[in-house]
Amino acid sequence: MLKIAWSPLYSHPLPEGHRFPMEKYNLLPEQLLYEGTIREENLFTPLMLEDKWLLNTHEPTYVDRLKGLELSKPEIRKTGFPLSKELVDREIHIMDGSVEACMYALEFRCAMNIAGGTHHAFTDKGEGFCLLNDIAVSANYLLDRGFAKQVLVIDLDVHQGNGTAQIFNSKPQVFTFSMHGASNYPLQKENSDLDIGLPDGIGDDKYLEILDNYLSPLIDNVQPDFLIYQCGVDVLESDKLGRLGLSLEGCKARDRFVLELAEKNHIPIMCCMGGGYSEKLSHILEAHANTYRLAQEIFF
């Protein structure tokens with residue numbers, strides 16, 4: 001069964017006019033249930049992840065300041081969200097959602113988190129709508145519990161996974177692969193194990209060709225026993241923050257390629273959603289929904 005982390009807490013109220021499409025976290029499961037892609041039993045509710053697993057990735061001082069709502073105004077501004085206890089609780093639930101989804105992926109081969117993909121959170125700071133890094137927290141959880149020996153992070157959000165790269169810059173048990181817009185945020189990139197910077201406006205065919213050229217050999221070279229897939233849909237041509245040129249079908253083909261690669265190589269995969277900022281919310285929802293439809297088709 002495809003298990004999916006979701007909580008009402010994921011859709012956190014933001015000031016009117018805020019550019020982050022928080023409402024997608026309620027609308028996406030509603031759409032998937034309505035069309036019959038999933039049933040209620042596919043969804044599970046994450047809890048507050050234990051502090052020890054946050055501290056396994058993030059600096060204790062940062063976690064304490066975050067939970068104590070003691071970040072400075074510049075630090076809060078870099079995250080893009082007004083800081084509150086409810087926001088921090090939301091983030092910690094998202095962390096648990098990804099960790100638990102990893103455990104379900106070990107059982108069912110594939111599992112997902114409706115939120116997550118918070119790849120801009122560093123060990124000691126947050127930025128770009130990310131306060132804590134669920135990708136890193138999950139990878140470290142798997143490694144420390146002995147559920148994995150080699151994790152491959154596949155980050156296909158339009159923005160480089162700079163926080164994930166920083167967290168794992170000296171941990172060979174996690175290989176970080178980021179394929180992103182070369183001229184997009186963040187302006188100051190970190191060094192992933194493999195970074196592929198893409199030109200503005202790249203279309204479906206060239207994008208998929210590059211992905212195949214790099215990701216297929218990585219599976220053979222890295223020999224991962226677990227995959228974490230950040231499948232942001234801000235690669236769409238319609239995305240306000242993206243600058244790339246993928247169609248909805250191209251984004252779906254990207255997800256199909258990754259999921260089929262995992263299935264063919266018998267590697268468990270956890271998918272976390274990442275960004276999406278198209279003017280029409282329907283484009284964001286359709287692109288995200290395609291990932292779930294494909295997971296059901298390929299694995300179940």
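# Rings, strands and buried side chains

Author: Ring pairs link Tyr-10, Phe-20, Tyr-25, Phe-81, Phe-129 and Tyr-277 into a cluster. Bear in mind that this is a predicted model.

Reader: How many aromatic pairs are there by this rule?

Author: The count comes to 11. Take Tyr-104 and Phe-108, for instance, with ring centres 6.3 Å apart and planes at 20°.

Reader: Why is the pair of Tyr-104 and Phe-108 called stacked?

Author: Check the distance, then the angle. Centres have to lie within 6.5 Å for rings to pair, and planes under 30 degrees apart count as stacked. At 6.3 Å and 20°, Tyr-104 and Phe-108 meet both conditions, so the pair is stacked.

Reader: How do you know that Tyr-104 and Phe-108 are separated by about one helical turn?

Author: Both sit in helix α5 (residues 85-108), and they are 4 residues apart there, which means about one turn between them.

Reader: And are those two buried or exposed?

Author: Neither, strictly. Buried needs under 20% and exposed needs over 50%. Tyr-104 has a relative accessible area of 25% and Phe-108 has 22%, so both land in the partly exposed range.

Reader: What about Phe-299 and Phe-300: what makes that pair tilted?

Author: Their centres are 6.3 Å apart, with 50° between the planes. Stacked needs under 30 degrees and edge-to-face needs over 60, so 50° leaves tilted. As for exposure, Phe-299 is buried at 6%, while Phe-300 is partly exposed at 39%.

Reader: How do you know that the charged end of Lys-3 sits over the ring of Tyr-104?

Author: The distance part of the test asks for the Lys NZ within 6 Å of the ring centre. For Lys-3 and Tyr-104 the value is 5.4 Å. The charged end of Lys-125 sits over the ring of Phe-122 too, 4.6 Å from its centre.

Reader: On to the sheet. What is the order of its strands, and is the pairing parallel or antiparallel?

Author: There are 8 strands in an open sheet, ordered β2-β1-β3-β8-β7-β4-β5-β6, and the pairing is parallel.

Reader: What makes β2 and β6 the edge strands?

Author: Each of them, β2 (43-44) and β6 (194-198), pairs on one side only.

Reader: How do you know that β4 and β5 pair?

Author: The minimum is two bridges, and 5 of them join β4 (residues 151-155) to β5 (residues 174-181). One partnership is between Asp-155 and Ser-178 in β5.

Reader: Which strands does helix α5 touch?

Author: Helix α5 packs on the sheet against β1 (3-5), β2, β3 (110-113), β7 (226-230) and β8 (269-272), and its direction makes about 170° with that of β3. Helix α6 (residues 134-144) packs on the sheet as well, touching β4, β5, β7 and β8, at about 175° to the direction of β7.

Reader: How do you know that β8 has a partner in β3 and in β7?

Author: Count bridges again, with two as the minimum. There are 4 between β3 and β8 and 4 between β7 and β8. Ala-111 stands opposite Met-270 in β8, and Leu-227 stands opposite Ile-269. Along β8, Ile-269 and Cys-271 point one way and Met-270 and Cys-272 the other way, and all are buried.

Reader: Which residues have the most contacts inside the largest nonpolar core?

Author: Phe-177, Tyr-207, Leu-215 and Ile-269, in a core of 100 residues. Beyond four places in sequence, Phe-177 touches residues including Leu-152, Ile-154, Leu-194, Tyr-214 and Leu-218.

Reader: Why is Thr-176 called buried?

Author: Its relative accessible area is 4%, and the cut-off is under 20%, so buried it is. Thr-176 lies in strand β5; among its contacts further off in sequence are Val-153, Phe-168 and Ser-192.

Reader: And why is His-266 called exposed?

Author: Exposed means over 50%, and His-266 has 70%. His-266 lies in the loop between α9 (248-264) and β8, with phi near 60°, a positive value in a residue other than glycine. Gln-223 also has a positive phi, near 55°. Gln-223 lies in the loop between α8 (204-222) and β7 and counts as exposed at 54%.

Reader: Which peptide bond is cis, from Tyr-185 onward?

Author: The one from Tyr-185 to Pro-186, with omega near -5°. Pro-186 is found in the loop between β5 and β6.

Methods:
Residues numbered from 1 in each chain as written. Predicted model: local features only at pLDDT ≥ 70, side-chain atom pairs only at ≥ 80, totals over all residues. Heavy atoms only, no water. Phe/Tyr/Trp six-rings, centres within 6.5 Å; stacked < 30°, edge-to-face > 60°. Helix = DSSP H or I, 4+ residues; strand = E, 2+ residues; numbered from the N terminus. Buried < 20%, exposed > 50% of the residue type's maximum accessible area, 1.4 Å probe, protein only. Lys NZ or Arg CZ within 6 Å of the ring centre and 35° of its normal. Contact = heavy atoms within 4.5 Å. Axes fitted to C-alpha atoms, helices over the stretch in contact; angles between N-to-C directions. Core = buried A, V, L, I, M, F, W, Y, C linked by side-chain atoms within 4.5 Å.
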